[in-house]
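Got the viewer open? Let's take a walk through this one together, from the whole chain down to a few individual residues.

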Amino acid sequence: MNYRRWIIVSGALFALIFIFGVQAPITAKAKDLIYNITKDSPLQYDNTAVKYRYNGCDVELNGNIGILGDSGSALAPLSDLFVNALSVDCEFKLSDCSVTLKDGSDSVQLLPGSKRAVVNGKKIEMSEAPCLLENESGEYLYYVPTRFTATKLGFDYEWNKNTST
């Protein structure tokens with residue numbers, strides 16, 4: 001393996017180790033259900049189905065779950081909700097393991113385990129930090145606070161706590 005390729009591979013491995021070291025992944029094994037993250041236990045089952053809708057159509061989470069964080073904020077899989085359903089551009093930066101979402105002139109930069117985001121170049125505190133979650137297939141998904149992320153990207157957002165939609 002040449003030196004340049006070795007540097008790229010070792011950099012990618014370092015980034016993955018850093019990501020998983022920032023916040024230990026949470027494991028969940030049920031489909032389309034809400035889970036609460038608490039300080040006392042890593043995950044608590046809430047027995048409620050979570051639903052997302054965009055322009056009157058259901059958003060498919062592809063068997064992944066929705067979660068509620070300590071603050072009560074809903075978090076959803078970044079790729080299922082923002083990239084696939086809302087067609088938001090997403091960049092992963094290996095150097096600091098951040099994710100930057102862009103829609104038009106709006107951008108939101110997030111880091112797992114950090115309540116600090118960079119929105120259109122300005123640092124802003126969030127009530128809930130993004131996190132990594134392992135799904136049934138063993139894939140690690142990046143979960144983001146949905147209200148914060150959606151509104152900062154210019155989308156309207158409503159959460160119906162009675163129907164978890």
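What follows goes from the overall fold to a hairpin, a loop residue and then a pocket.

Keep in mind that this is a predicted model. The chain holds three helices and 14 strands. Of its 165 residues, 41% are buried. If you take the contacts between residues at least 6 apart in sequence, 50% of them join residues at least 24 apart. As for the surface, about 9,500 Å² is exposed, and carbon and sulfur atoms supply 51% of that.

For a bit of local detail, go to the hairpin made by S11 (residues 116–119) and S12 (residues 122–125). These two strands run antiparallel and pair over four bridges. One pairing to pick out is Val118, whose bridge partner in S12 is Lys123. Two residues sit between the strands, and Asn120 in this hairpin has a positive phi near 50 degrees.

Now hop over to Ile65, in the loop that links S5 (57–59) and S6 (66–68). Is this loop residue buried or exposed? Ile65 has a relative accessibility of 3%, so it counts as buried, given that the cut-off for buried is under 20%. Its C-alpha lies 7.3 Å from that of Ala76, a residue eleven places away along the chain.

Next stop is Tyr54, which belongs to strand S4 (residues 52–54). At 33% relative accessible area, Tyr54 is partly exposed, because that label covers values between the 20% and 50% cut-offs. Leaving aside residues up to four places away in sequence, Tyr54 touches Val59, Ala85, Leu86 and Phe155. There's also a long sequence separation to look at here: Tyr54 and Tyr157 are 103 residues apart in sequence, with 9.4 Å between their C-alpha atoms.

Those two tyrosines turn up again at the largest pocket. Which residues lie nearest its centre? They are Arg53, Tyr54, Asp156, Tyr157 and Glu158, out of 17 residues in the lining. Three elements give two or more residues each to this lining: S4, helix H2 (78–85) and helix H3 (146–152). S4 makes the largest contribution, with three residues. By type, the lining divides into ten nonpolar, four polar and three charged residues. The volume of this pocket comes to about 380 Å³.

So if you want one place to park the view, try Tyr54: this partly exposed residue sits in S4 and is among the residues nearest the centre of the largest pocket.

Conventions:
Residues are numbered from 1 along each chain as its sequence is written. This is a predicted model: local features need pLDDT of at least 70, side-chain atom pairs count only at pLDDT 80 or more; totals for chains, interfaces and linings use all residues. Side-chain values use heavy atoms; hydrogens and water are left out. Buried means under 20% relative accessible area, exposed over 50%, partly exposed in between (1.4 Å probe, protein chains only). Contact means heavy atoms within 4.5 Å. Accessible areas come from the Shrake-Rupley method with a 1.4 Å probe; for residues, only the protein chains shown count as cover. Two strands pair if DSSP finds at least two bridges between them. On a 1 Å grid over the protein atoms alone, a cavity is a set of points where a 1.4 Å probe fits but cannot get out, and a pocket is an open set with protein on both sides within 12 Å along at least five of seven lines; lining residues have an atom within 4 Å of a point. Grid points are joined across faces, edges and corners, and a volume is the space filled by probe spheres set on the points. Ala, Val, Leu, Ile, Met, Phe, Trp, Tyr, Cys and Pro count as nonpolar, Asp, Glu, Lys and Arg as charged, and the others, Gly among them, as polar.
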